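Visitor: I should like a close look at a single part of this structure, namely one helix and the surroundings in which it is packed. Please treat it in one connected account and place it in the context of the whole chain.

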Amino acid sequence: MRGRPIVYHGADFTRPMKDNIRENLFNILGRACKGAIAFDMFGGTGALAFESLSRGAVRAVTIERSRHANRYIEETAENLGVRDRLKILSGDAFQLGSQLLLPPADDTPWIVFLCPPYVLWEESLSDLNRLIELTLENAPPGSVLVAETEKKFDPELFPKGDWDFRVYGGTRLAFIEPAMRCGLEC
């Protein structure tokens, strides 16, 4: 889908990830998108879901509260020819996410993008951390969670884990892979 535009509504309620940060993000993810299911928990423009599909994700789910924004996501999906691989959910990411991030029926890896409006890292930290914990508890092997915060956010507020932090200007990206677990009873 290289070079094909995403329809952006321009409204203030959406803060799209800067292009150079998104490019760095997907360079870091590398081949992790291939064959994965992408969950864009705070869809906005849907750019992370579309980029995941472009880089080989088998399907993507985007959650966005704004029906206005969802209309643009749907328009972009139609224009890019990926509507059949993109599920658009309209509603609260915390409620819907707690249903989506349950133990899966198969072992298809997940890429979970947690890139909310920055103010939610202050106002809804426990809810965001619960989505992180659900991902770490339930994601199949080979999965990755990416969280985007402001640089000034204290990363010690994330759940404990082997985080990889990258800073780009005023933005911090945090990457974590769920621990490998043995399926045998010990």
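**Helix α2 and its surroundings**

Guide: Helix α1 (residues 19–29) packs against helix α2 (residues 47–54) at an angle of about 40°, and their axes lie 11 Å apart. Because roughly parallel packing requires an angle under 35 degrees, α1 is classed as oblique to α2. The crossing in which α1 passes α2 is right-handed. On the α1 side the contact is made by Arg22, Leu25 and Phe26, and on the α2 side by Ala47, Leu48, Glu51 and Ser52. Sorted by class, this contact of α1 with α2 comprises four nonpolar residues, one polar residue and two charged residues. These values, like those that follow, are computed from a predicted model.

The cover over α2 may be taken next. Helix α2 is mostly covered, with six of its eight residues buried. The buried residues of α2 are Ala47, Leu48, Ala49, Phe50, Ser52 and Leu53. Among them, Ala47, Leu48 and Ser52 also take part in the contact with α1. The packing of the buried residues is not confined to that helix: they pack against α1, against the strands β1 (37–40), β2 (59–64), β3 (86–90) and β4 (110–114), and against helix α3 (67–80).

Glu51 belongs to the contact with α1, yet Glu51 has a relative accessibility of 22% and counts as partly exposed. The cut-off for burial is under 20% relative accessible area, so Glu51, at 22%, is not counted as buried. Glu51 also forms a salt bridge with Arg55, in which the closest N and O atoms are 2.8 Å apart. Arg55 is likewise partly exposed, with a relative accessible area of 27%. Just after α2, Gly56 adopts a positive phi of about 110°.

Across the contact, Leu25 is the α1 residue to examine. Leu25 lies in helix α1 and is one of the residues that meet α2. Leu25 counts as buried, its relative accessibility being 0%. Leu25 is also placed beside a distant part of the sequence: Phe175 is 150 residues away along the chain, while the two C-alpha atoms are 9.4 Å apart in space.

That pair leads to the chain as a whole. Of the contacts in the chain with a separation of 6 or more, 68% are between residues 24 or more positions apart. Buried residues account for 50% of the 186 residues. The secondary structure consists of six helices and seven strands, arranged along the sequence in the pattern α-β-α-β-α-β-α-β-α-α-β-β-β.

A second helix pair offers a useful counterpart to α1 and α2. Helix α4 (residues 93–100) packs with α6 at an angle of about 15°, their axes being 10 Å apart. Because an angle under 35 degrees counts as roughly parallel, α4 is roughly parallel to α6. Here α4 passes α6 in a left-handed crossing, whereas the crossing of α1 and α2 is right-handed. In this second pair, Ala93, Phe94, Gly97 and Ser98 of α4 meet Asp127, Leu128, Leu131 and Leu134 of α6. By class, the contact of α4 with α6 has five nonpolar residues, two polar residues and one charged residue.

Helix α6 also carries charged pairs to set beside Glu51 and Arg55. Arg130 and Glu133 both lie in helix α6 (residues 125–138), three residues apart, which is about one turn of the helix. An α-helix has 3.6 residues a turn, so residues three or four places apart point the same way. Arg130 forms a salt bridge with Glu133, with the closest N and O atoms 3.7 Å apart. Arg130 also meets Glu137 in a salt bridge, at 3.6 Å from N to O. Arg130, Glu133 and Glu137 are thus linked in a network of salt bridges. The three residues are partly exposed: Arg130 has a relative accessibility of 37%, Glu133 of 32% and Glu137 of 43%. In total, the model contains eight salt bridges.

To return to the part requested, α2 is a mostly covered helix that lies oblique to α1, and its partly exposed Glu51 is joined to Arg55 by a salt bridge.

Conventions: Residues are numbered from 1 along each chain as its sequence is written. This is a predicted model: local features need pLDDT of at least 70, side-chain atom pairs count only at pLDDT 80 or more; totals for chains, interfaces and linings use all residues. Side-chain values use heavy atoms; hydrogens and water are left out. A salt bridge is a side-chain nitrogen of Lys or Arg within 4 Å of a carboxyl oxygen of Asp or Glu. Buried means under 20% relative accessible area, exposed over 50%, partly exposed in between (1.4 Å probe, protein chains only). Helices (H or I, at least four residues) and strands (E, at least two) are DSSP runs, numbered from the N terminus. Axes are lines fitted to C-alpha atoms, for helices over the stretch in contact, and angles run from 0 to 180 degrees between N-to-C directions. Angles under 35 degrees count as roughly parallel, over 145 as roughly antiparallel, 65 to 115 as roughly perpendicular and the rest as oblique. A crossing is left-handed if the near helix is turned anticlockwise from the far one by less than a right angle, and right-handed if clockwise. Contact means heavy atoms within 4.5 Å. Ala, Val, Leu, Ile, Met, Phe, Trp, Tyr, Cys and Pro count as nonpolar, Asp, Glu, Lys and Arg as charged, and the others, Gly among them, as polar.
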